Amino acid sequence: MKGIIELFSDYTFQIVALGTGLLGVVSGVLGTFTVLRRQSLLGDGISHAALPGVVIAFLLTGTKNTEVLLFGALIAGLIVSFLITLVTRYTRVKFDTALAVFLSVFFGLGLALLSYAQRHPNANQAGLSRFIYGQASTFLARDVWIVAIAGLFVLILVFLFWKELKVFTFDPTFAQSLGYSRTRLDMIMNLLLVVSIVIGLQAVGVILMSAMFIAPSVAARQWSKSLGGMVLLSAIFGAMSGVLGTLVSSAYANLPTGPVIVVCASIIAGISLLFAPGRGLVHSFYRRYKARKEMKGKQALNA
Amino acid sequence: MLNPEFEIQLIAVLLAMACAVPGVFLVLRRMSMVTDAITHTILLGIVIGFFIVKDLNSPVLILGATIIGVMTVWVSELLSETRLMVEESAIGIVYPLFFSIAVILISRYAGSAHLDTDSVLLGELAFAPFNRYTVNGVDIGAKGLYTSGFLLLLNLIFVGVFFKELKLVIFDPALATIIGFSPAIIHYALMSVVSVTIVESFEAVGSVLVIAFMIGPPATAYLLTNDLKRMILYSMAIGSFSGIIGFRLAMFLDVSIPGSMAVVVGFVFMLAVLFAPKRGLVSTLLLRAKQRKTYHQLALLWHVYQHEYTDRANVENHISTIAKHLNWEQSKIDRIVASLVQDGKLQVRDGMLYNMLDASELEAFLFDE
């Protein structure tokens, strides 16, 4: 117990936990919309696509400045989300297929560029691969500022477009009949998603970022029936996973932060699936058991 | 023996064809993202296998990876069957969890062993020729040639034997159930084949190229044909082509071979997206533009036809007033009128519009276009 209190007063821990917690809030909020729109895996595609963006930004500028690299990731993410929308809207290729193709092709492009960067004279590309797996433990106060500012931008936009996002999530046809442009809303949604993925890359990496979107929202869905409640809970669950994951990984040696955060988020989702009142598995098993017992009782009476 | 460059290309072609065969069914069943999930979770199978036998070259690792691959699909389906979440979310929860557990196990317990995530995820085809198969001391070719050849054969036999069943399960699972065979058995057989293919391929080409080879060529072929057999053949051809061109490109630019192959797969896919006859972006846009034009021509002709030789004809059908009645821009009116005049379907005399078609011709125009 004393160890945990000591940990909480540790400056590095405070910084990392603040960063991952904020990240959890942002991805929790946005994840709710992607999960409800049945686009949960879009985050996965965009996060893989960020790799060539990072490498190109590095090759063009030669710096390993986080802001520059993340800007590259942002551009690449926007391009890939645009391509996925284009292909699914104008051809018969389905969403999941377009996602899988662009994800692998962009990641492949990233690898090819990375191997090129390795031969790049006067440049040391070491450190670029931290974007693949993420290294929350290297978070600096400056990185937390990036997360905080970008996260605030995302949350403000969600707040401003709340009504539009809501109607598009639940009834896109009705929204279009009201005169809202689907293309414009898709663009806003993609922008928000890309921004929040990009700020998460440093902490949990390309591969695990998608889990940060899905697990907290699925957990929140079990406890709440309203969009507002779901978004709020999802943000709380996301923050909890971030802080708890950081806590556990700093308490033990050799525990990478990103994966531990994902495991925490999954445990929260698992508990919610089992024990949420009304919807949870335990409750529905109990209900079924009771119904069966009642049925037997009635049959006995009839006989 | 064969020279290494030729060997690499041959392995790439065999793998591309082996991946394309089950890939077609994944694309048609809308399960493309399963490949992404399995390529990540097999790491867990390898790690668990490694803990059991403590040997990186043991076939137990391959077995473990294959089992975990099928388990990924099975667990996600169990989750989505609770109806508490949709299928995509279930996959999106299961595979990062499995992957995270694998990474945690590696970094905590296997730090000293030569088991790192890079070698699993990234793979390098360039090293394939160094991994030789020898029988009685005689070199009989790269190991990759045998595994990829075996995979191709296995997948072709599987699809050949169960072609009818696979087709039925994809296009009409309800009928399949009624006729009396379980879609679930075919489904898990397909998933096992996918899992084996991914596990056997990633060593040579890395997980990224496995996804690209499995989904890219079938997605491209999907834009080119409606016939299942053709789709399989086209996918195999497109995959092989991308493998060879990707290799040449990688040699030319001196970059990662799997990376460059994946880029070529994407390039070929984008070509099909843009220019595929009938289903490509360009033909879709052209078709929509043509339909829009025909619709406007019809609407205008119909309006003219309705008001011709009535008292209001000079108000309704005058080129300067018709814009108000149809509620269109004047520039649009001018454009549509010009195109109709050119087709001989409309005449303009003193600013008045005259329909040149009789009722039956107008009807034919309406229904033929």
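## Strand pairs in chain B

In this predicted model, strand β1 (residues 132-135) of chain B pairs with strand β2 (residues 138-142) of chain B. The two strands run in the antiparallel sense and are joined over three bridges. One residue pair illustrates the arrangement: T134(B) has D139(B), in β2(B), as its bridge partner. The hairpin formed by β1(B) and β2(B) has two residues between the strands, and in this hairpin N136(B) takes a positive phi near 50 degrees.

A second antiparallel pair in chain B consists of strand β3 (residues 346-349) and strand β4 (residues 352-355), which are linked over four bridges. Here R349(B) stands opposite M352(B) in β4(B). The hairpin of β3(B) and β4(B) likewise has two residues between the strands. In this hairpin, D350(B) is the residue with a positive phi near 50 degrees.

## Positive phi angles in the loops of chain B

Two arginine residues in loops of chain B also deserve attention. R30(B) lies in the loop between α1 (4-28) and α2 of chain B. Its phi is near 55 degrees, a positive value in a residue other than glycine. R30(B) counts as partly exposed because it has 15 C-beta neighbours inside 10 Å.

R83(B) is located in the loop between α3 (59-81) and α4 of chain B. Its phi is near 65 degrees, again a positive value in a residue other than glycine. Is R83(B) exposed or buried? With 9 C-beta neighbours inside 10 Å, R83(B) counts as exposed, since the limit for that class is 12 or fewer.

## Position 278 in the two chains

K278(B) belongs to the loop between α11 and α12 of chain B. This lysine is exposed, because 11 other C-beta atoms lie within 10 Å. Along the sequence, K278(B) and L223(B) are 55 residues apart, while in space their C-alpha atoms are 8.6 Å apart.

In chain A, G278(A) occupies the loop between α12 (257-275) and α13 (281-302). G278(A) is exposed, because it has 10 other C-beta atoms within 10 Å. A distance of 8.7 Å separates the C-alpha atoms of G278(A) and W223(A), which are 55 residues apart along the chain.

## The fold of chain A

Chain A contains 13 helices and zero strands. Its pattern along the sequence is therefore written with helices alone, as α-α-α-α-α-α-α-α-α-α-α-α-α. The C-alpha trace of chain A spans about 90 × 60 × 35 Å along its principal axes. Chain A has 303 residues, of which 51% count as buried. Among its contacts between residues at least 6 apart in sequence, 76% join residues at least 24 apart.

## A helix pair in chain A

Helix α4 (residues 66-90) and helix α5 (residues 95-119) of chain A pack at an angle of about 145 degrees, and their axes are 9 Å apart. The crossing of α4(A) past α5(A) is right-handed. Which residues make the contact? From α4(A) come A76(A), V80(A), L83(A), I84(A), V87(A) and T88(A), and from α5(A) come F95(A), A98(A), L99(A), F102(A) and F106(A). By class, this contact has ten nonpolar residues, one polar residue and no charged residues.

## The interface between the chains

At the interface, 53 residues of chain B are in contact with 48 residues of chain A. On the side of chain B that touches chain A, two or more residues are given by each of α2 (33-53), α4 (87-109), α5 (117-122), α9 (183-222), α11 (257-275) and α12 (281-307) of chain B. The element that gives the most is α4(B), with 14 residues. By class, this side of chain B has 30 nonpolar, 17 polar and six charged residues.

## Confidence in the model

For the complex, the predictor gives an ipTM of 0.89 and a pTM of 0.87. Chain A has a mean pLDDT of 86, and 92% of its residues reach 70 or more. Among the elements of chain A, helix α6 (residues 130-133) has the lowest mean pLDDT, 65, and helix α11 (residues 227-251) has the highest, 93.

Chain B has a mean pLDDT of 86, with 94% of its residues at 70 or more. In chain B, confidence is lowest in α5(B), at a mean of 52, and highest in helix α10 (residues 228-253), at 95. Where pLDDT is low, the predicted coordinates should not be read in detail.

How values were computed
Residues are numbered from 1 along each chain as its sequence is written. Chains are lettered from A and ligands numbered from 1 in the order in which they are written. This is a predicted model: local features need pLDDT of at least 70, side-chain atom pairs count only at pLDDT 80 or more; totals for chains, interfaces and linings use all residues. Axes are lines fitted to C-alpha atoms, for helices over the stretch in contact, and angles run from 0 to 180 degrees between N-to-C directions. A crossing is left-handed if the near helix is turned anticlockwise from the far one by less than a right angle, and right-handed if clockwise. Two residues are in contact if their C-beta atoms, placed from the backbone, lie within 7 Å. Ala, Val, Leu, Ile, Met, Phe, Trp, Tyr, Cys and Pro count as nonpolar, Asp, Glu, Lys and Arg as charged, and the others, Gly among them, as polar. Two strands pair if DSSP finds at least two bridges between them. A residue is buried if 20 or more other C-beta atoms lie within 10 Å of its own, exposed if 12 or fewer, and partly exposed in between; C-beta atoms are placed from the backbone. pLDDT is the predictor's confidence in each residue, from 0 to 100.
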